[in-house]
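Q: Please take me through this structure and give the reason behind each label you use.

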Amino acid sequence: KRSSGPVLLRVCCLEFDTFFVSVERLLNPSLIGKTMVIGAPAERGAVTACSYEVRRAGLLAGGPARWLV
């Protein structure tokens, strides 16, 4: 039986654009503070994740990898 009362809705927003960069930095601390881009280097490849240092320059996750050349 359904209740006609108010429905509780929970929303969780997670920012995964730098997740893979964070994992790599945990595994290799010498990468902390360096610009990092993770993605496929192919002609039609895409940026999977990038560090905040790279994001300040305007490159975002989901962008084409050909911008990196």
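A: The model is a predicted one. A first label concerns Cys-12: with a relative accessible area of 62%, Cys-12 counts as exposed, because exposed means over 50%.

Q: What makes Cys-50 buried or exposed?

A: Cys-50 has a relative accessible area of 0%. Buried means under 20%, so the label for Cys-50 is buried.

Q: How many disulfides does a search of the whole structure find?

A: The search finds zero disulfides. To count, a pair of cysteine sulfur atoms would have to lie within 2.5 Å.

Q: Which side chains meet in a salt bridge, and how do you know that the term applies?

A: The side chains are those of Arg-25 and Glu-53, with 3.0 Å from N to O. The limit for a salt bridge is 4 Å between a side-chain nitrogen of Lys or Arg and a carboxyl oxygen of Asp or Glu, so this pair qualifies. By this rule the count comes to one salt bridge.

Q: Why is this pair said to tie parts together?

A: Arg-25 lies in helix 1 and Glu-53 in helix 2, which covers residues 52-55, so the pair ties together parts that are 28 residues apart in sequence.

Q: Are the two partners, Arg-25 and Glu-53, buried or partly exposed?

A: Arg-25 has 16% relative accessibility, which is under 20%, so Arg-25 counts as buried. Glu-53 has a relative accessible area of 22%, which falls between 20% and 50%, so Glu-53 is partly exposed.

Q: Which residues does Arg-25 touch, not counting residues up to four places away in sequence?

A: Arg-25 touches Leu-31, Ile-32, Gly-33, Lys-34, Met-36, Ser-51 and Glu-53. Contact here means heavy atoms within 4.5 Å.

Q: What makes the rings of Phe-19 and Phe-20 a pair, and of which kind?

A: A pair of aromatic rings is described by the distance of the centres and the angle of the planes. By the rule for such pairs, the count comes to one aromatic pair. The ring centres of Phe-19 and Phe-20 are 5.3 Å apart, which is within 6.5 Å, and their planes stand at 75 degrees, which is over 60, so the pair is edge-to-face.

Q: Why are Phe-19 and Phe-20 called partly exposed?

A: Phe-19 has a relative accessible area of 39%, and Phe-20 has one of 41%. Partly exposed is the range between 20% and 50%, so the label fits Phe-19 and Phe-20. Phe-20 lies in helix 1, residues 19-27.

Q: Which residues make the nonpolar surface patch?

A: The patch of about 600 Å² is made by Leu-14, Phe-16, Phe-19, Phe-20, Val-23 and Leu-27. Residues in a patch need over 30% relative accessible area. Phe-19 at 39% and Phe-20 at 41% are among them.

Q: What are the labels for Leu-14 and Phe-16?

A: Leu-14 has a relative accessible area of 58%, which is over 50%, so Leu-14 is exposed. Phe-16 has 46%, between 20% and 50%, so Phe-16 counts as partly exposed. Leu-14 lies in the segment before helix 1, and Phe-16 is found in that segment too.

Q: How far apart in space are Leu-14 and Ser-4, and Phe-16 and Ala-49?

A: Leu-14 and Ser-4 are 10 residues apart in sequence and 31 Å apart from C-alpha to C-alpha. Phe-16 and Ala-49 are 33 residues apart along the chain, and their C-alpha atoms are separated by 7.8 Å.

Q: Where is Val-47 found, and is Val-47 buried or exposed?

A: Val-47 is in strand 2, residues 47-50. The relative accessible area of Val-47 is 4%, under the 20% limit, so Val-47 is buried. The C-alpha atoms of Val-47 and Ala-65 are separated by 5.5 Å, at 18 residues apart along the chain.

Technical notes. Residues are numbered from 1 along each chain as its sequence is written. This is a predicted model: local features need pLDDT of at least 70, side-chain atom pairs count only at pLDDT 80 or more; totals for chains, interfaces and linings use all residues. Side-chain values use heavy atoms; hydrogens and water are left out. Patches are made of residues with over 30% relative accessible area and no salt bridge: like charges are joined within 9 Å, nonpolar side chains (Val, Leu, Ile, Met, Phe, Trp, Tyr) within 5 Å. Accessible areas come from the Shrake-Rupley method with a 1.4 Å probe; for residues, only the protein chains shown count as cover. Helices (H or I, at least four residues) and strands (E, at least two) are DSSP runs, numbered from the N terminus. Buried means under 20% relative accessible area, exposed over 50%, partly exposed in between (1.4 Å probe, protein chains only). Rings of Phe, Tyr and Trp (its six-membered ring) pair if their centres lie within 6.5 Å; planes under 30 degrees apart count as stacked, over 60 as edge-to-face and the rest as tilted.
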